[in-house]
Amino acid sequence: MTFLIPCPSCGPREATEFSFGGESTRRPPPDAPAADLARYLYVRTNASGPQTEWWYHRDGCRRWFLAVRDTVTNEVERTFWPGAGPGTEPGVGEAASG
Amino acid sequence: MSTGAVTWDPVRRSPAHRMHADLGASFERIGGWEIPAAYRDRARESAWLARGVGVCDVTARGKIDVQGEVDKVLAAAGNAIVVARISEVWALLLTEPGESERRAPELETAAGAAAMVTDATDLYAGFALAGPMVPDLLARVTPFDPDALGAGEAVGTTFAEIRGVLVRRDLPGEPVEAYVTSDHGRYAFETLLVVAEGLGGGAVGWTALREEGWRPC
Amino acid sequence: MSGPRLPERSGEAIRRGHAVTFRLDRRTLTAVEGDTIGSAMAAGGIRITGRSFKYHRPRGLLCMTGHCPNCLVTVDGVPNVRACTTPVREGMRVRRQNAWGSVERDLLGLIDLFSFMLPPGFYYKIGHRPRWAWPLVEPIIRRIAGVGRAPRSEEHRRRDRINLHPDVLVVGGGPAGLAAAAEAARAGARTVLLEEAVAPGGHLLAVQRVEAPGERIDGLPGTEAAESLAHEAREAGAEILLASPAFGVFEGPLVAAAGGEALYRIRARRLIFATGADEQPAVFPNNDLPGVMLAEAVDRLVSLYRVRPGRRAVVLTGSGRGYRTATALLDAGASVMVADLRADPSGREVEEARAAGVRIVPGTTIRRAEGRRGVRIAVVGPVAGGEERRLACDLLVVAGARAPSTNLLAQAGAELSFDERAQAFLPLVLPPWMHAAGEVAGAPSLPAILAQGRLAGLEAAASVGRADDVEADRLEELRGLAAALGDPVVLPPEASTGGGKQFACLCMDVTHKELKASVAEGFDSMELLKRYTTITMGPCQGKACQLPSQRLCARATGGSFPETRPTTARPPWTPVPLGVLASDARTPRRETSIHDRHADAGAEFMWAGDWRRPHHYADPLEEARAVHEGVGVIDVSTLGKFRVKGPQAAELLERLYPNRFADQKVGRIRYGAMLNDEGVILDDGAVCRLAEDEFLVTATTGNAGAVDRWMSWWLADWALDARVLNVSAAYAAVNLAGPKAREVMAALTEMDVSAEGLPYLAVARGDVAGVPAIVLRIGFVGELGYEIHVPSSAGEQVWGAILEAGEPLGIRPFGLEAQRILRLEKQHILVGQDTDAESDPYEAGLGWMVKLDKPDFLGRRALLEASRAEPRERLVGLVLEGREVPPEGSAIVHEGRWVGRVTSSRRSAASGKVIGMGWVPGPLAVEGGSVRVHVDGGEIRASVTMGPIYDPDGSRLRS
């Protein structure tokens, strides 16, 4: 844990300044089948290579963001705010049923 | 049921108050706070500030936490306030001791729903670090590169193995102020003193620090 | 070999006439300033510097660079100090290590004769059968094997941990490193250089006259040249850290270095490795005898310390390198013979030596050495085989086989490739932020070393945006010099055919024969051999054995040298004192603003996470009774406290908790449990509505940080128009509880604290003891209670005011233990103590707060499933017979079978009975049900309760 993570707000910092939030997952809607809930709760891709993850800049700006980290080399390819990045991150308001 | 017979004269104190007393501090009242004005040996304090490093407990200064549309609040803040801008959406506004109690509600009204304004004076303990050995002290308590912190800038980073906010003041000698949550206040002051003593320095009072050109705002 | 120093000469490192006296074991040695312990021993005629790790064989100075294990000594109680590089100090006490009796006549030297009993892996093989023998055998093995003893004193020297952030970090302060640092700094890069020795210069130091045409140092003695290069680097602005070896490169990259009084953590944008090369021993019988030395060691003794290490020397070499040493020895008055591995030695150095009178025997190698406490005979013979010759000598010099010191580079991710010409593995493929210069990169001569250093410095600086204006001509010239090729390297045979111990690894006493035996046992690759025999894993980490061990492993496994890849030593690459690694270890500690008052009152403190909290002041049962009968006060400042504000603050809480908040009135409190999406309880606390758009939320002490992260995480994900601030430290909080609490409150505030004015679960603002406060009518204990939150800077005084106001009523402060008794009587759960990672609110008896009709909240989907069936397990109250308090975690038994466990247990202050909480199967969770609790030596009958044991109707709490 000596690698650097570029916080979208504060720039590159020691990984020890952050808390890890696990790989990003999609929270199923409130009426989803139980199988979707189980997948969301218990099934992880555990990629060997780039993986989109939640990180919290605990000792810095105190914000959560998403990072694409190579799980083999610990190199962080890019970081972005939720809702601002491409692809796999949970979308804003997805958890709400309205 | 209320008696109303007893009156209180509460005074605000830093979490490190008793350490100051043990170090022989003489206290002054300012803005409802008791601050360590000077310790036993004033000449030594000046020498540390000139050649080593001095650590001064500035917890008494007012602190206002702003989250959200910081710029909107800053526009209403005017002068007589130091802005420690940690991120786009988070800033600490630093005031003279006792001033935050008046300023925070004003700013809260001005902010409306755009930002949350909180009087954070009691949330943080603060320590001013001054003298030529400040970079050496910082190298021993934070993994953050102090050279990356320009005058007037602020960062949130690991400080003494806990969370801290560092502010480099735009004042003569560019002193650095460090803020940690007040429950860690005494631990942080102890840690800073141990490191400062190893570098030729120690606790200095507000009087000596002011003579070097430091001021709260 | 003892005798006066050699005549004074320019370039020497000693200051004659400045005597330094110190103790070595039982005698007193007199050295001079500039000496190391090792050079002082050599000057004093002491050949044996210690005894070996396993066989207790005598060992002497070998490398003089701090890279081999032979001269580890104990200095003033500090073990494993390298004598050869540690400067002498007046009055120091030096002890040689690992001997019973004296080092000269170590009684355990007999072990050498019984070495057949200590095969590789002996630790796993002997003394284990019969089993009772091992406890007797193990301490003996530990006593016999090993190096220095850890000091027993508890004295702790504080060392700093220093973070540095240069643009360019240069590892190694030899000529390449110094040149690189000078160029990088001159170009404007913030540059730091790490050097392990106390003086910069590396192998340059022992050079008698520097040959570097075109450089300012050309013609100078080595020490002056080194000083000149260091001066150049410092003038340019580089910071040179001496006696500070880099010992590890970690991902990031982060370089760790051990200064004498500091641990350095260095984050540089560019790394330049100028780590040089280590001269390697040759393998032949008795190659570990005192008097067998590497050429570098001889050069240093002669040039720096002006000591002649022997009178009759035999030099083994395969290049011009050995001739330089031979000439130096001849100069020093020794008679010298060179055994050259090459059939036809030629070159300038050979001719000069020959002209000076050095005898040269071509095509020859060392077959073995003979002697007991030092070398006396060198047996030489033709490389190809043939008749041997016995030569009397007291010094056997091994010269010219050098292994590039690539280990830190490999840790950093460099790829090594075998270079046929250099007969060595070189770092040819490097990550973009890394440079290699000098001998480690294969530079064969000083001009090439310097040119590579300068180029690396310029390139590193340019890549961080600090370009110096360098003329194209000069760059061209440097590139030409840097690319120079050396003569092909000729290595001695891997091992000799003769008998006797041939050591591959001096640290761990591993011989050629043992390697062969290990291969026969099936450990047939370099990596396996390393792990099984511990070869290259001793204090030297392969510095003094990399080449022999690699080549012998290749030979033993039937592979070739180029095919046998070197292993990568993990950090620490150099021995590092544990005190440096611990450095300035800090234990962050939280204290409430009332802490000193507790200490004054004689509180017994305990750690609660990183908090210091009063466990009790006096008898906890009495403290609890005072709360029941009168009034008590406890410091609960450690509670997590959150300000939640914004137009969607209520919506945020609606989603975070299973409770309903939309209809919560301003000035009211609701108890809420926070769940995760599995429906498992994470934390609980009070949610106070202070305004339409503002809440104060409390969390338990231990979970405040986690709740902070949890709330901000979902806020970020949902992007609601609300904000959360952790204000835990901003407020001191006390819980004033007991039937007389209202009377105390009335004396402290103008607020209406009557049962009507501030009813149960109401919250109000007002001044308490002259300080602005938020007062919560809430109770964790089963009595009328007020939780008073005030600014932490006034906490201590408010505490004092409360005690003063309560004194006439007999108020008592109570600690965590009394609080735990009181809450257990009331059956209030402690999340994490009574619940675990599977507990949902239905099981924990909190089903009343779950509003499944809300559209969504964290855990709703899972609770929907759980709500369809009766809970399989329930958290219930227990009232036990007798007086024994079962330990928490005790089994609950029903009809002879394990059915659950006790989570909390105490003696009740109110009833005197033993009470508890625990998990039982659903069918047993009925009021008055009977179970048994298993304890040591039997079972205790317990009856199940489904509600509070004390104040069951809540009338006292609500009064």
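## Helix α5 of chain C

Helix α5 of chain C comprises 15 residues (222-236), which at 1.5 Å a residue should span 21 Å; its end C-alpha atoms are 21 Å apart, so expectation and model agree. The expected span is 1.5 Å times one less than the number of residues, and helices are DSSP runs of H or I of at least four residues, strands E runs of at least two, numbered from the N terminus. This is a predicted model, in which local features need pLDDT of at least 70 and side-chain atom pairs pLDDT 80 or more, while totals for chains, interfaces and linings use all residues. Side-chain values use heavy atoms, without hydrogens and water.

The buried residues of this helix include C:Gly222, C:Leu229 and C:Glu232. Buried means under 20% relative accessible area, exposed over 50%, and partly exposed in between (1.4 Å probe, protein chains only). Among the elements covering these buried residues are α4 (175-186) and α10 (446-463) of chain C. Just after the helix, C:Gly237 takes a positive phi of about 110 degrees.

## Salt bridges

A salt bridge places a side-chain nitrogen of Lys or Arg within 4 Å of a carboxyl oxygen of Asp or Glu; the count is 87 over all chains. C:Asp35 and C:Arg5 form one, at 2.4 Å from N to O. This pair links distant parts of the chain, 30 residues apart. C:Asp35 is buried at 1% relative accessible area, whereas C:Arg5 is partly exposed at 23%.

C:Arg348 and C:Glu211 form another, with closest N and O atoms 2.9 Å apart. C:Arg348 lies in helix α8 and C:Glu211 in the loop between β10 and α5 of chain C, so the pair ties together parts 137 residues apart in sequence.

Methods
Residues are numbered from 1 along each chain as its sequence is written. Chains are lettered from A and ligands numbered from 1 in the order in which they are written. Contact means heavy atoms within 4.5 Å.
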